[in-house]
Every structure is written in structure tokens, then in C-alpha cells.
Amino acid sequence: MAALTSLSFSAVIHCSERKVTLSSTRFLASSSELFGFRTDFSYHYVGVRASNSASKMVVQCMSSATDVPPTVSETKLNFLKAYKRPIPSIYNTVLQELIVQQHLMKYKRSYRYDPVFALGFVTIYDKLMEGYPSDEDRDAIFQAYIKALKEDPEQYRIDARKLEEWARVQSPTSLVEFSSKEGEAERILKDIAERAGGKGEFSYSRFFAVGLFRLVELANATEPTILDKLCAALNINKRSVDRDLDVYRILLSKLVQAKELLKEYIDREKKKRDERVEPQKANEAITTCLGQQLHGL
């Protein structure tokens with residue numbers, strides 16, 4: 001697995017009656033060029049006033065944002081503080097990439113949590129962590145990851161589970177006709193459709209695309225047109241979804257290959273240890289036998 005790509009934010013901020021934009025931050029996951037996107041944070045700086053009674057100017061800089069978002073480094077540090085045990089590199093490399101991506105998604109102005117996004121992330125996380133040595137550690141890492149982003153890990157799990165249970169009892173037709181039905185899941189999808197249609201804030205992401213794919217998968221909708229219809233009903237760009245799902249499939253393929261290589265390495269090392277132990281055991285047996293014989297003389 002390739003080394004982790006590091007990110008940093010830097011900006012020169014000037015006080016003036018104009019808009020300053022921190023933009024064009026693009027992240028490419030090093031292991032498979034996983035998720036790339038653009039995010040913008042905009043601040044307005046205003047207010048230069050001169051005092052006639054003093055030989056100086058008082059410069060006031062005010063941000064239009066009420067809260068300054070944490071940096072990527074702070075989010076990653078929060079994760080490391082919350083989970084202090086070492087994580088095997090095959091998992092840790094991708095986790096560190098994902099937390100950078102999700103940090104940038106979380107602190108976009110248009111971001112708003114929704115259960116389909118949660119389902120997508122949970123799906124990716126569970127696929128990534130398949131085969132992790134400890135179930136307890138796997139859950140602890142999940143908790144630390146989501147809390148580092150200042151969100152609720154239980155909400156992620158609960159919302160993802162509810163959507164999965166709903167999708168399992170849907171037919172392909174009822175899945176895409178959610179707008180004509182009533183229910184908790186249907187209300188969630190209607191809300192997304194309204195916001196994505198321009199009636200509210202909506203921030204599309206590749207986690208969201210994976211969440212959509214998971215819904216279609218659980219409904220056993222094998223016809224390619226079902227995803228087309230679901231995207232249309234949700235006012236989501238189908239071409240973006242197709243592109244992001246291709247990247248997701250590549251990620252899964254890479255992970256399978258990497259885990260197979262890791263297993264082969266572990267098996268090979270175990271065999272080498274066993275081969276070293278056998279002569280040692282034989283020597284110990286010979287020594288014991290000789291000792292018993294000498295003792296009997």
C-alpha cells in the first residue's frame with residue numbers, strides 16, 4: 001500500500017472590502033486514487049476605519065463564519081488520541097485517507113448529515129475492516145473515527161441499519177417510487193430529493209453514491225435502469241454516481257489483493273518460525289533424553 005498523502009491548508013489573509021477564498025483543495029487517495037473532490041471555504045473581511053483624534057488606523061477583521069472549522073491535522077490528532085493502539089498499515093493507510101476526505105466533506109458550507117451518506121460510509125468502513133484481528137478494536141476504531149469528526153457514531157450505525165432493513169423488504173419498483181409512500185425511510189429520501197433539487201443545502205459525495213448502491217443491492221434490483229430511476233427520483237447526477245461507484249469497485253479490488261498478500265506474508269512467516277522451532281524442539285528432546293540416561297547411570 002502506498003504511503004499516505006499528507007495535506008495542509010495555507011492562506012494569506014488580507015483585510016479589505018473583498019472576498020477571500022481558500023479553495024481548490026483536492027485530495028487523491030494514494031492507494032487507489034480513491035476519492036477526489038473540491039471544497040471551498042469563504043470568508044469576508046470588512047471594516048477599515050480611521051480615527052481623526054488619533055494618528056493611527058484601527059483595522060477590524062471579521063469573519064462571516066461564526067465558527068472556525070478545525071484543521072485536517074486537528075481532526076487526525078483527535079482520532080489518534082481517541083484510539084491509541086497501533087493499527088496495521090494495510091488498514092491504517094486507507095483510514096487516514098478516508099478521514100481526510102470526510103473532514104473536507106464535513107466542513108463544506110453545504111454539508112448536512114443524512115442517513116444515505118451514513119450508510120455509504122458504514123458500508124465502506126465494514127468492507128475495509130473485514131478480517132480485522134479484533135471485533136472489539138474494529139468497533140473502537142469506528143467510534144474514534146466518527147467522534148474525531150465531531151459526529152455521533154451511534155447515529156451512523158442506527159441510521160445505516162434502518163435503511164438496510166427498509167431496503168431489504170423493497171422491490172425494485174417500490175424502491176424508486178418512494179415519493180408516493182409514507183414511512184421513515186421514505187421521508188429521508190424525499191428530504192434528500194428536495195434538497196438536491198435546489199430547495200435546500202445538499203452536498204453530493206462519493207459516500208452518498210455508495211449508500212445509494214447499497215440500497216439498490218439490498219433490494220435485489222439487478223436491472224441497471226433501477227439505479228438510473230433512483231438517481232432521477234432523488235435529483236442526483238447519475239454520471240457522477242457511475243464514476244464514483246467505479247472507483248469504489250477499484251478500491252474493493254485493491255483491498256482484496258492487499259489482504260491476500262498480507263495473509264500470504266503472515267502464513268510464510270509462521271512457516272519460517274515453525275521451521276526454526278522444530279530443530280530447537282528436537283535438540284531439547286535429545287538433551288532431555290541424554291540427561292535421563294546419564295541420571296540412570
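1. A residue is called buried when its relative accessible area is under 20%. Y156, with a relative accessibility of 0%, therefore counts as buried. The model discussed in this note is a predicted one, and the points below go through its helices, its aromatic rings, its charged pairs and its surface.

2. Y156 has an aromatic partner, F121. The centres of the two rings are 6.0 Å apart and the planes stand at 85°, so this pair is edge-to-face. F121 belongs to helix α3 and Y156 to helix α5 (residues 153-168), and the pair links distant parts of the chain, 35 residues apart. F121 is buried, with a relative accessible area of 0%.

3. In the structure there are 13 aromatic pairs. One of them joins F117 and F207 in an edge-to-face arrangement, 5.5 Å centre to centre and with 80° between the planes. F117 sits in helix α3 and F207 in helix α8 (residues 206-218), so this pair ties together parts that are 90 residues apart in sequence. F117 is buried at a relative accessible area of 4%, and F207 is buried at 0%.

4. These rings also belong to a wider group. A single aromatic cluster is formed by F79, Y111, Y113, F117, F121, Y125, F142, Y145, Y156 and F207.

5. F79 leads to helix α1 (residues 72-82), where V72, T75, K76 and F79 are buried. Viewed down the axis of α1, the buried residues fall within an arc of 95°, so they line one face of the helix. On the other side of α1, S73 and K81 are exposed. What do the buried residues of α1 pack against? Their partners are α2 (89-106) and α4 (135-148).

6. Helix α3 covers residues 115-128, and L128 is part of it. Is L128 buried or exposed? L128 is buried, as its relative accessible area is 1%. Beyond its neighbours within four places in sequence, L128 is in contact with Y91, V94, L95, L98, L255 and K259. For one of these, Y91, the C-alpha atom is separated by 7.1 Å from that of L128, although the two residues are 37 apart along the chain.

7. The loop between α2 and α3 holds Y107. Its relative accessibility is 14%, and Y107 therefore counts as buried. The C-alpha atoms of Y107 and L149 are separated by 9.4 Å, with their positions 42 residues apart along the chain.

8. The next points concern charge. Side chains of opposite charge can pair when their charged atoms come close. How many salt bridges does a search of the whole structure find? It finds 17 salt bridges.

9. One salt bridge is formed by the side chains of D244 and R206, at 2.3 Å from N to O. D244 is in helix α10 and R206 in helix α8; they are 38 residues apart, and the pair links distant parts of the chain. Both D244 and R206 are buried.

10. Other salt bridges stay inside one helix. R214 forms one with E217, and the closest N and O atoms are 2.7 Å apart. R214 and E217 are 3 residues apart in helix α8, so about one helical turn separates them. R214 is buried, with a relative accessible area of 18%, whereas E217 counts as partly exposed at 40% relative accessibility.

11. In helix α10, R249 and D246 are likewise 3 residues apart, about one turn of the helix. Their side chains meet in a salt bridge of 3.1 Å, N to O. R249 is partly exposed, with a relative accessible area of 43%, and D246 counts as partly exposed at 43% relative accessibility.

12. Salt bridges can also be joined to one another. A network of them links R112, D114, D191 and R195.

13. The last point is about the surface. Which residues make a nonpolar surface patch of about 260 Å²? The patch is made by L262, Y265 and I266. I266 lies in helix α10, which spans residues 238-296. With 43% relative accessibility, I266 counts as partly exposed.

Methods: Residues numbered from 1 in each chain as written. Predicted model: local features only at pLDDT ≥ 70, side-chain atom pairs only at ≥ 80, totals over all residues. Heavy atoms only, no water. Helix = DSSP H or I, 4+ residues; strand = E, 2+ residues; numbered from the N terminus. Buried < 20%, exposed > 50% of the residue type's maximum accessible area, 1.4 Å probe, protein only. Contact = heavy atoms within 4.5 Å. Patch = residues over 30% accessible without salt bridge, like charges linked within 9 Å, V, L, I, M, F, W, Y side chains within 5 Å. Areas by Shrake-Rupley, 256 points an atom, 1.4 Å probe, with all protein chains shown as cover. Salt bridge = Lys/Arg side-chain N within 4 Å of Asp/Glu carboxyl O. Arc of directions from axis to C-beta. Phe/Tyr/Trp six-rings, centres within 6.5 Å; stacked < 30°, edge-to-face > 60°.
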